[in-house]
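The following exercises concern one molecular structure and are intended for a reader who meets it here. Each task is followed by a solution in steps.

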Amino acid sequence: MIEIAHYIDNARVAGTSGRSQPVFDPATGESSKTVALASVEEVNTAVASARAAWPAWSKTPALRRARILDRFKSILWERADELARAISSEHGKTHDDALGEVTRGLEVVEFAVGVPTHLKGDFSENVGTGVDTYNIRQSLGVVAGITPFNFPTMVPMWMFPVALACGNTFVLKPSERDPSASLLMAEWLTEAGLPAGVFNVIQGDKLAVDTLLHHPDVAAISFVGSTPIAKYIHETGSANGKRVQALGGAKNHAVIMPDADLDMAANALMGAAFGSAGERCMAISVAVPVTDAVADALIERLVPKIEALKVGPASDTASEMGPIVTQQALERIRGLIDKGEAQGAKVVTDGRSFRQDKQGYENGYYIGGTLLDNVTPEMSVWQEEIFGPVLSVVRSNSYQEAVDLISSCQYANGTAIFTRDGDTARAFAQDIEVGMVGVNVPIPVPMAFHSFGGWKASIFGDHAIHGMEGIRFYTRIKTTTLRWPTGQRTDAEFVMPTLG
Ligand code: NAD
């Protein structure tokens with residue numbers, strides 16, 4: 001058994017808590033690794049290491065910090081394959097999909113390398129006679145990142161490149177389901193020249209998270225995961241005086257208008273619903289065709305594509321969709337399909353009947369693509385985030401009915417509209433109460449130099465992630481007003497200072 005360790009002060013550190021849990025390969029259902037689960041003392045050691053590194057790191061010129069990240073970026077490009085293999089072996093996603101996530105994470109490193117420009121302050125000359133004022137943005141201190149299983153490299157890279165570039169030190173608590181990639185990134189940061197203690201990884205579960213949430217030396221928390229935990233993190237972290245951004249779950253709808261290019265929409269839905277086995281917070285899980293005629297024509301196009309989906313392990317380059325992350329998650333997805341059927345949804349293609357017959361992979365956590373028709377807002381398949389390869393069709397009679405359906409959803413991460421009509425698209429983009437909108441773009445994940453974040457129950461806190469929102473989250477503003485002695489006599493003044 002290999003034990004996946006912590007990473008503190010630029011070295012792998014074996015767990016000492018006596019607690020660990022198995023890490024599975026979802027493609028085979030086998031486990032040859034365990035992950036250490038940190039004790040309170042181990043978390044405290046990681047935070048102490050980050051706290052000790054912060055004064056020097058925060059005063060290191062931004063350009064020098066950027067150059068270290070630039071070297072890290074080059075290592076990532078060279079070894080993206082190795083990182084992608086580590087991701088697939090614990091998450092299950094296909095190799096190309098894992099490479100895609102590494103690239104999207106790497107783009108945040110590219111953004112962070114521009115930090116000297118992003119941190120440039122403002123200067124006002126003569127705000128009063130002989131008085132000048134300037135603003136700068138300074139780092140917060142030790143910041144923690146708590147991340148989900150579905151993007152074990154991209155989501156941490158939404159956080160730490162920007163945090164480090166701004167002069168903070170970092171403690172990452174990755175998902176215990178696919179923890180190995182975090183250690184590769186930590187080692188490559190060390191190789192790129194990051195000083196000891198600036199980036200630490202602590203493996204663990206709720207105990208590690210709670211220790212970070214209550215630790216007096218943790219200044220801020222970035223969280224990405226499910227909505228109930230995001231809410232808990234935001235409430236607990238805020239109650240302990242920390243700055244918190246907590247991104248939660250999602251249920252993303254795509255509206256298909258009667259004038260849409262239906263072939264384009266069907267292909268887009270295939271990737272957006274079944275890519276990464278639907279385990280993406282920006283997956284489209286609900287199609288909302290406007291009119292029954294559009295619904296029928298769309299389903300006619302989708303069914304043969306879903307039936308032809310190649311479901312298999314990442315080791316098979318022909319696989320288009322890998323297994324589900326754990327047996328438990330697989331059973332939950334199956335259970336939700338059962339419930340949807342019992343509540344009246346029509347199972348048009350049934351992923352539950354899929355059997356993996358490739359030798360050596362029979363016990364992997366596979367399910368085929370599922371299409372449910374006649375789904376209504378009363379059903380749990382619409383209300384709950386399924387986080388699996390299940391596309392629900394909610395038929396709608398009009399554009400307004402589709403918009404009202406989306407507005408009634410508790411989640412508001414992403415949405416898309418398929419149409420050729422500029423008026424409709426513009427109205428949708430302007431009026432819809434969702435954080436990220438696509439027009440004929442099914443997964444509108446913003447690039448690194450924009451910011452990522454939903455609305456409503458998909459985010460808690462005031463700041464979205466990466467881009468300039470990331471710079472703002474990881475820094476605090478300081479405004480200095482200065483006057484130099486000119487030799488003129490100054491008297492004590494007791495009134496509120498005004499322009500003078
Ligand atoms: P999760 O909420 O179960 O876990 C996320 C992190 O929280 C992990 O590090 C985990 O160890 C920790 N955690 C779990 N339970 C905890 C508890 N009771 N107390 C404290 N910490 C706890 O999420 P997941 O299953 O790993 O990831 C899938 C979820 O993440 C989905 O809901 C998905 O929509 C969401 N997600 C959202 C975004 C976004 O940007 N909004 C991006 C990716 C994933």
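**Exercise 1. Locate Asn-10 and Asn-440 and describe their backbone angles.**

Solution. Asn-10 is placed in the loop that joins β2 (6-8) to β3 (11-13). The structure is a predicted model, and in this model the phi angle of Asn-10 is near 65°. That value is positive, in a residue other than glycine. The second residue, Asn-440, belongs to the loop between β20 (436-439) and β21 (455-456). Asn-440 is not a glycine either, yet its phi is positive, at about 60°.

**Exercise 2. Determine which polar atoms of the protein lie opposite oxygen atoms of the ligand, and how much of the ligand is buried.**

Solution. Begin with the side chains. An N or O atom in the side chain of Arg-177 is 2.8 Å from a ligand oxygen. For Glu-385, the distance between a side-chain N or O atom and an oxygen of the ligand is 2.5 Å. Next, consider the backbone: a polar backbone atom of Gly-225 is 3.3 Å from an oxygen atom of the ligand. Finally, turn to the surface of the ligand. Taken alone, the ligand exposes 840 Å², of which the protein buries 89%.

**Exercise 3. Describe the pocket and the shell of residues around the ligand.**

Solution. First, identify the site: the ligand takes up the space of the largest pocket. Two elements give two or more residues each to the surrounding shell, namely α8 (206-214) and β11 (218-224). Then count the neighbours: 27 residues surround the ligand. The closest are Lys-173, Glu-176, Ser-226, Gly-248 and Glu-385. Sorted by class, the shell consists of 14 nonpolar, eight polar and five charged residues.

**Exercise 4. Explain why the ligand is said to lie between two domains.**

Solution. Domain 1 covers 2-248 + 458-480, and domain 2 covers 252-439. Residues of the shell around the ligand come from both domain 1 and domain 2, and the ligand therefore lies between them.

Note on methods. Residues numbered from 1 in each chain as written. Predicted model: local features only at pLDDT ≥ 70, side-chain atom pairs only at ≥ 80, totals over all residues. Heavy atoms only, no water. Near = heavy atom within 4 Å. Polar contact = N/O pair within 3.5 Å; in protein donor to acceptor, adjacent residues only side chain to side chain. Areas by Shrake-Rupley, 256 points an atom, 1.4 Å probe, with all protein chains shown as cover. 1 Å grid on protein atoms, 1.4 Å probe; cavity = no way out; pocket = protein on both sides within 12 Å on 5 of 7 lines; lining within 4 Å. Sits in = over half its atoms within 2 Å of the grid points. Helix = DSSP H or I, 4+ residues; strand = E, 2+ residues; numbered from the N terminus. Nonpolar A, V, L, I, M, F, W, Y, C, P; charged D, E, K, R; others polar. Domains from an automatic or database assignment.
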